[in-house]
Amino acid sequence: MNYLKIILVGFLGGAAAWFLLWSFLPENKAIEPSPTPMPIIVSPDFWQKIVSEHGLSTVAIQSFKGGKIVKEGSGMIISSDGVIITTFDVTAGADVFQVLHGDKILRAQQVRYDGSKNLALLKVAATDMNVTRLERNYQFQSGQDVVVSGKTVELSSPTVFAQRGMISYILSKVIVIDTEPRYFLSGSKVINNSGIVVGISYLRSGAVHLITAEAMDDFIKNYFESL
């Protein structure tokens, strides 16, 4: 009878020890639920705010030949004393240029251009102008969201426009934006979702192309170094 008690006590003690050991094993501990990540909410006026912030450093450009408008596009101010960069598409073949900024119509002089780079610089007599910030180190990838924004002229006044786009494909020297091609898009800013200018747009073969901010920045630096 005593042997039976000893065996029973030993069995119960072993079972209790096994239960305690099992409960402390890592894989058998209760798993605390991880917090659900908060979703990133983008307000409906997200892009509108970005475009609005760029309006002060964006201009509309009209190019004339023989007293008639031959080209129309946009440009961006890159120095406070009135230097503006646009695409050569906007200025090619013209001899008179005017820049519309705010409520002013300013006569501009073309101070540098490069047809192979499709870039041109205009200069207006102005001071304390808002300047565009360029992101020369931006890494382009297919599928990135951008907005193409500039100014066009309506009833002799510059009007801001913007349209959403996406980086479609990238080749060695060609970047194409998937967005609606419109005749006035040349010289428009291409802005990323951080609100920084990563390029300038132009039209080729019915598609919207992009010149990188890096190429623009090099063109601008070469101009100022030559002064």
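Biologist: In β8, which residue is the bridge partner of Ser-149?

Modeller: Strands of a sheet pair through backbone hydrogen bonds, either parallel or antiparallel. In this predicted model, Ser-149 has Ala-162 of β8 as its bridge partner. That bridge belongs to a longer pairing: β7 and β8 (residues 157-170) run antiparallel to each other over 10 bridges.

Biologist: What do the 6 strands close into, and in what order?

Modeller: They close into a barrel, and the order is β7-β8-β9-β12-β11-β10, with antiparallel pairing. From one strand to the next, the twist averages 45°.

Biologist: Which strands does α2 touch?

Modeller: Helix α2 packs on the sheet and touches β7, β8, β10 (189-191) and β11 (197-204). The direction of α2 makes about 50° with that of β7. Helix α4 (residues 213-225) also packs on the sheet, where it touches β11 and β12. The angle between the directions of α4 and β12 is about 55°.

Biologist: How many cavities of 30 Å³ or more does the structure hold?

Modeller: The count is 1, and the space in the largest cavity is about 30 Å³. Its lining consists of Val-51, His-54, Gly-55, Thr-58, Ser-149, Gly-150, Lys-151 and Val-160. Ser-149, the residue bridged to Ala-162, is thus found again in this lining.

Biologist: Which element gives the most to that lining?

Modeller: Strand β7 does, with 3 residues. Both α2 (46-54) and β7 (145-154) supply at least two residues each. By class, the lining has 2 nonpolar, 5 polar and 1 charged residues.

Biologist: What about the largest pocket: how many residues line it, and which lie nearest its centre?

Modeller: It has 13 lining residues, and those nearest the centre are Lys-173, Leu-210, Ile-211, Thr-212 and Ala-215. About 300 Å³ of space lies in this pocket. The strand that gives the most to its lining is β12 (residues 207-212), with 3 residues. By class, the lining of the pocket has 9 nonpolar, 2 polar and 2 charged residues.

Biologist: What pLDDT does the chain average?

Modeller: The average is 85, and 81% of the residues score at least 70. Over residues 1-22, however, the pLDDT is below 50, and this stretch has 1 contact in the model beyond near neighbours in sequence. Residues 24-42 are also below 50, with 3 contacts beyond near neighbours in sequence.

Biologist: How should coordinates be read where pLDDT is low?

Modeller: Where pLDDT is low, the predicted coordinates should not be read in detail. Here that caution applies to residues 1-22 and to residues 24-42.

How values were computed: Residues are numbered from 1 along each chain as its sequence is written. This is a predicted model: local features need pLDDT of at least 70, side-chain atom pairs count only at pLDDT 80 or more; totals for chains, interfaces and linings use all residues. Side-chain values use heavy atoms; hydrogens and water are left out. On a 1 Å grid over the protein atoms alone, a cavity is a set of points where a 1.4 Å probe fits but cannot get out, and a pocket is an open set with protein on both sides within 12 Å along at least five of seven lines; lining residues have an atom within 4 Å of a point. Grid points are joined across faces, edges and corners, and a volume is the space filled by probe spheres set on the points. Helices (H or I, at least four residues) and strands (E, at least two) are DSSP runs, numbered from the N terminus. Ala, Val, Leu, Ile, Met, Phe, Trp, Tyr, Cys and Pro count as nonpolar, Asp, Glu, Lys and Arg as charged, and the others, Gly among them, as polar. pLDDT is the predictor's confidence in each residue, from 0 to 100. Contact means heavy atoms within 4.5 Å. Two strands pair if DSSP finds at least two bridges between them. Axes are lines fitted to C-alpha atoms, for helices over the stretch in contact, and angles run from 0 to 180 degrees between N-to-C directions.
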